[in-house]
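Work through the following exercises with the sequence and the 3D structure at hand. Try each task before reading its solution.

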Amino acid sequence: MAVYQKSIHFHSKAFDAVYDITERVTTIVRDSGIENGLVNVFHIGSTAAITTIEYEPGLKEDFPAFLNRIIPRGENYQHNNTWGDGNGDGHIKASLIGPQITCPVKDGDIVLGTWQQIILIDSDNKPRNRNLIVTVSGD
Amino acid sequence: MAVYQKSIHFHSKAFDAVYDITERVTTIVRDSGIENGLVNVFHIGSTAAITTIEYEPGLKEDFPAFLNRIIPRGENYQHNNTWGDGNGDGHIKASLIGPQITCPVKDGDIVLGTWQQIILIDSDNKPRNRNLIVTVSGD
Amino acid sequence: MAVYQKSIHFHSKAFDAVYDITERVTTIVRDSGIENGLVNVFHIGSTAAITTIEYEPGLKEDFPAFLNRIIPRGENYQHNNTWGDGNGDGHIKASLIGPQITCPVKDGDIVLGTWQQIILIDSDNKPRNRNLIVTVSGD
């Protein structure tokens, strides 16, 4: 058993932008040399989230549109009253979806469906540098 | 430390059907011989999700009814306009809940509450063959 | 590779109360002596959930208020008709958010953002004793 850990950094434009990070995670899994186990993808911060989706132009609009329908940006959140940074919706969206995912590693590769990509959705209200940690563990 | 990995396959009728997969996961954990560690249950695909619930007839109706209230099947999703497959709601539901769960393994068994079962909820709009990977890792 | 597993117990007042459990999880990670790997935090039960949030007074109100807006306590859930315990909303909230989180361990410590805390949100309708299992695995 071994642990292999790498970071992913990128610049995000926020406002519910959706980023496909599958290829970067896949590269880390292959570089690890681990054949069977788990890979965890974790976003450091409280206004962006990790999940999977079929990454295609339609859903890249539909998923944020849904989130903005149930958690509207302009609503009167207590968070905004406290800090005045106006991103209360982004915090709630990120807590709802969650900052991480753990996927299986099998035969030296991550297991995902053909139309299932790992995404980061950034719900902050200003461009941000985003940092993730990818941890591969197994044999 | 060891890794033990098995698949679960079953036929699903979709339309937000809820399946209790606890017994199949529990069997894999016990077969693994691993005493303490983690078990990850991952659904391969983008229109079904994994979570826990008290698996009883009331909640089997309530949880899908809630999802259909916030993500109605008949809404005009861009995904449906692109592909014409009419399952945009299923993709959004699955991305919201997420495709996986990781639970503790303690004294050779999975740890869950008495009224806490692991479920797959399938939100596609046609019957599907569903494939999951269960990964047990630990001592 | 090693596994280190400890429980967390505390009394919760429920009704969507939010508890910051970061310090207790951090202590377990440090006590484990594990330098690099993963830490999984799992709530045993079906009416409370685990996620991360910026733990500050505003969001402690905003996040429950959002959940109560999309999953109102007083609605006519089938679960309540079956069992008469009136906590159908709590079950749905907990299944939506999920009972667990897995975070990276790096250089002997859990990795989180400065304004990112691990919380339990208890959506039951009576005070409860809550039990969690924290599993640290790695090198």
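Two residues are in contact if their C-beta atoms, placed from the backbone, lie within 7 Å. The model used in these exercises is a predicted one.

**Exercise 1. Describe one side of helix H1(A) and find what covers its buried residues.**

Step 1. Begin with the buried residues of helix H1 (residues 22-32) of chain A, which are Val25(A), Ile28(A), Val29(A) and Ser32(A). These residues cover an arc of only 100° around the axis, and therefore they lie on the same side of H1(A).

Step 2. Recall a rule that helps here: an α-helix has 3.6 residues a turn, so residues three or four places apart point the same way.

Step 3. Turn to the other side of H1(A), where Glu23(A) and Asp31(A) are exposed.

Step 4. Look for what covers the buried residues of H1(A): the cover includes S1, S3, S5, strand S6 (109-110), strand S7 (117-122) and S8 of chain A.

Step 5. Follow the chain past the helix, and you reach Gly33(A), which comes after H1(A) and has a positive phi, near 75°.

**Exercise 2. Summarise the fold of chain A by its elements and its dimensions.**

Step 1. Count the elements: chain A has four helices and eight strands, and along the sequence they follow the pattern β-β-α-β-β-α-α-α-β-β-β-β.

Step 2. Compare the radius of gyration with what a compact globule would have: for 139 residues the expected value is near 14 Å, and chain A has 16 Å, which agrees. Along the principal axes, the C-alpha atoms of chain A fill a box of roughly 50 × 30 × 20 Å.

Step 3. Consider the interior and the contacts: 53% of the 139 residues in chain A are buried, and among contacts with a separation of 6 or more, 84% are between residues 24 or more positions apart.

**Exercise 3. Work out the order of the five-stranded sheet in chain B and say which strands stand at its edges.**

Step 1. Remember that strands of a sheet pair through backbone hydrogen bonds, either parallel or antiparallel.

Step 2. Read the order across the sheet of chain B, which is open and runs S1-S8-S3-S5-S6 with antiparallel pairing.

Step 3. Identify the edges: strand S1 (2-12) and strand S6 (109-110) of chain B each have a single partner strand, so one side of each is left without a neighbour in the sheet.

Step 4. Check one pair inside this order, strand S3 (residues 37-43) and strand S8 (residues 128-138) of chain B, which are joined by seven bridges in the antiparallel sense. Within this pair, Val41(B) has Val134(B) in S8(B) as its bridge partner.

**Exercise 4. Examine strand S4(C), asking whether its residues are buried or exposed and which strand it pairs with.**

Step 1. Take strand S4 (residues 48-53) of chain C as a whole, and note that six of its six residues are buried.

Step 2. Separate the two directions: Ala48(C), Ile50(C) and Thr52(C) point one way from S4(C), while Ala49(C), Thr51(C) and Ile53(C) point the other way, and all are buried.

Step 3. Find the partner, which is strand S7 (residues 117-122) of chain C, joined to S4(C) by six bridges in an antiparallel arrangement. In this pairing Thr52(C) stands opposite Ile118(C).

**Exercise 5. Determine how chains A and C are related, and compare the two sides that chain A offers to its neighbours.**

Step 1. Superpose the copies: a rotation of 120° with 0.0 Å of shift along its axis brings chain A onto chain C, with an RMSD of 0.0 Å. The two copies are thus related as by a three-fold rotation axis.

Step 2. Locate the axis, to which Met1(A) comes closest of the residues of chain A, at 3.6 Å for its C-alpha.

Step 3. Inspect the side towards chain C, where 27 residues of chain A are in contact with 32 residues of chain C. H4(A) gives the largest share of this side of chain A, five residues, and by class the side has 11 nonpolar, 16 polar and no charged residues.

Step 4. Inspect the side towards chain B, where 32 residues of chain A are in contact with 27 residues of chain B. Here the largest share, eight residues, comes from H2(A), and the side of chain A divides into 15 nonpolar, 11 polar and six charged residues.

Step 5. Conclude with the overlap: only 19% of the interface residues of chain A are also interface residues in chain C, so the copies meet through different surfaces.

Technical notes:
Residues numbered from 1 in each chain as written. Chains lettered and ligands numbered in written order. Predicted model: local features only at pLDDT ≥ 70, side-chain atom pairs only at ≥ 80, totals over all residues. Least-squares fit on C-alpha atoms with pLDDT ≥ 70 in both. Nonpolar A, V, L, I, M, F, W, Y, C, P; charged D, E, K, R; others polar. Rg over C-alpha atoms; globule rule 2.2 N^0.38 Å. Buried ≥ 20, exposed ≤ 12 C-beta atoms within 10 Å, placed from the backbone. Pairing = 2+ DSSP bridges. Arc of directions from axis to C-beta.
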